[in-house]
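Visitor: I am new to reading protein models. Could you walk me through this one, a question at a time?

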Amino acid sequence: RLLVTYTGTIVPQVEGVTEFVGAAVSTDDGVTWNKIGVDGKILTTNSEDPYIVVNPVTNQLHLYVEKKVSSFPGFHAGIELFIADISDLNTWTSQGVILSENPANPWEAVDVSSPTIIIKEGVWNLYYEGRSGAPQSGTINLATSTDGINFTKSASNPLIYGSQYNNTTPSSTWFTHCVPDDIKMVDSTLY
């Protein structure tokens, strides 16, 4: 069985709910898909950018999402975790916000979002976007955990930053903001 999660946007924008997380399953070769949940939505909260991994200890699914707290254009409230049993993809239990912005850190003073996870040698590596205030500039950061729920931010953050971070002169106009869209591990190498 294959599972895909996605972000859906409500158009026109509805007050309080603009994005949602949906999912679909395929029991064959990935050509035929069936939406699950209510009208394809597996979460009723205002959220986006889902990233899903299997907990190797409990064999449960961990779904990390970017939580939103207001209507369009959307403001972020950190990274929220939902857990489901593999046998019941329609019931996701919130574990609450597991990572929040920190106004004391200029690279993530406004937002933490766009979660991606790699589990390597028993350590959950959560790469995430941090955003500063105006001019808004994105950074890629790291938080680690041994259980996939309780994370500690790295003292080396930010790991990668756009050219506007820390008032540097942009070397090009496209690299002012960066986001960790995905990460994969093949033979112990991260891509």
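Guide: A word on terms first: strands are DSSP runs of E, at least two residues long, numbered from the N terminus. The model shown here is predicted.

Visitor: Where is Ile149 found?
Guide: Strand 11 covers residues 152–153. Ile149 is not in that strand. Its place is the loop between strand 10 and strand 11.

Visitor: Is Ile149 buried, partly exposed or exposed?
Guide: Buried needs under 20% relative accessible area, and exposed needs over 50%. Ile149 has 28%. The value lies between the two cut-offs, so Ile149 is partly exposed.

Visitor: Which residues does Ile149 touch, leaving out those up to four places away in sequence?
Guide: Start with a distance across the fold. Ile149 and Phe82 are 67 residues apart along the chain, and their C-alpha atoms are separated by 9.8 Å. The residues that Ile149 touches are His62, Leu81, Ile83 and Ile98.

Visitor: Which strand gives the most to the largest nonpolar core?
Guide: In soluble globular proteins, nonpolar side chains tend to be buried together. Here the largest nonpolar core has 19 residues, with Tyr64, Ile79 and Phe151 among those with the most contacts inside it. Strands giving two or more residues include strand 4, strand 6 and strand 8. The one that gives the most, with four residues, is strand 9.

Visitor: How many residues does the second, separate core have?
Guide: This core includes Ile36, Ile42, Val65 and Trp92. Its count of residues is 13.

Visitor: What accessible area do Leu2, Val4 and Trp33 have together?
Guide: Trp33 is found in the loop between strand 2 and strand 3. Trp33 is partly exposed, at 34% relative accessible area. With Leu2 and Val4, Trp33 forms a nonpolar patch on the surface. Together they have about 230 Å².

Visitor: Which residue in strand 4 has a positive phi although it is not a glycine?
Guide: Most residues other than glycine have a negative phi, and most peptide bonds are trans. In strand 4, one residue has a positive phi of about 55 degrees. At 31% relative accessibility, this residue counts as partly exposed. The residue is Asp49.

Visitor: What is the phi of Asn59 near?
Guide: Asn59 is found in the loop between strand 4 and strand 5. Asn59 is partly exposed, with 48% relative accessibility. Its phi is positive, near 60 degrees.

Visitor: What kind of peptide bond joins Asn157 and Pro158?
Guide: Pro158 lies in the loop between strand 11 and strand 12. Omega for the bond is about -5 degrees. The bond is cis.

Visitor: How many residues apart are Glu108 and Lys153?
Guide: Side chains of opposite charge can pair when their charged atoms come close. Glu108 and Lys153 form a salt bridge at 2.6 Å, N to O. Glu108 is buried at 0% relative accessible area, while Lys153 is partly exposed at 27%. Along the chain, the two are 45 residues apart.

Visitor: Which residues do salt bridges that share partners join into one network?
Guide: Asp111 and Arg131 meet in a salt bridge of 2.9 Å, N to O. Arg131 also meets Glu129, at 3.0 Å, N to O. Asp111 is buried at 0%, Arg131 at 13% and Glu129 at 2%. The network joins Asp111, Glu129 and Arg131.

How values were computed
Residues are numbered from 1 along each chain as its sequence is written. This is a predicted model: local features need pLDDT of at least 70, side-chain atom pairs count only at pLDDT 80 or more; totals for chains, interfaces and linings use all residues. Side-chain values use heavy atoms; hydrogens and water are left out. A nonpolar core is a set of buried Ala, Val, Leu, Ile, Met, Phe, Trp, Tyr and Cys residues joined through side-chain atoms within 4.5 Å. Buried means under 20% relative accessible area, exposed over 50%, partly exposed in between (1.4 Å probe, protein chains only). Patches are made of residues with over 30% relative accessible area and no salt bridge: like charges are joined within 9 Å, nonpolar side chains (Val, Leu, Ile, Met, Phe, Trp, Tyr) within 5 Å. Accessible areas come from the Shrake-Rupley method with a 1.4 Å probe; for residues, only the protein chains shown count as cover. A salt bridge is a side-chain nitrogen of Lys or Arg within 4 Å of a carboxyl oxygen of Asp or Glu. Contact means heavy atoms within 4.5 Å.
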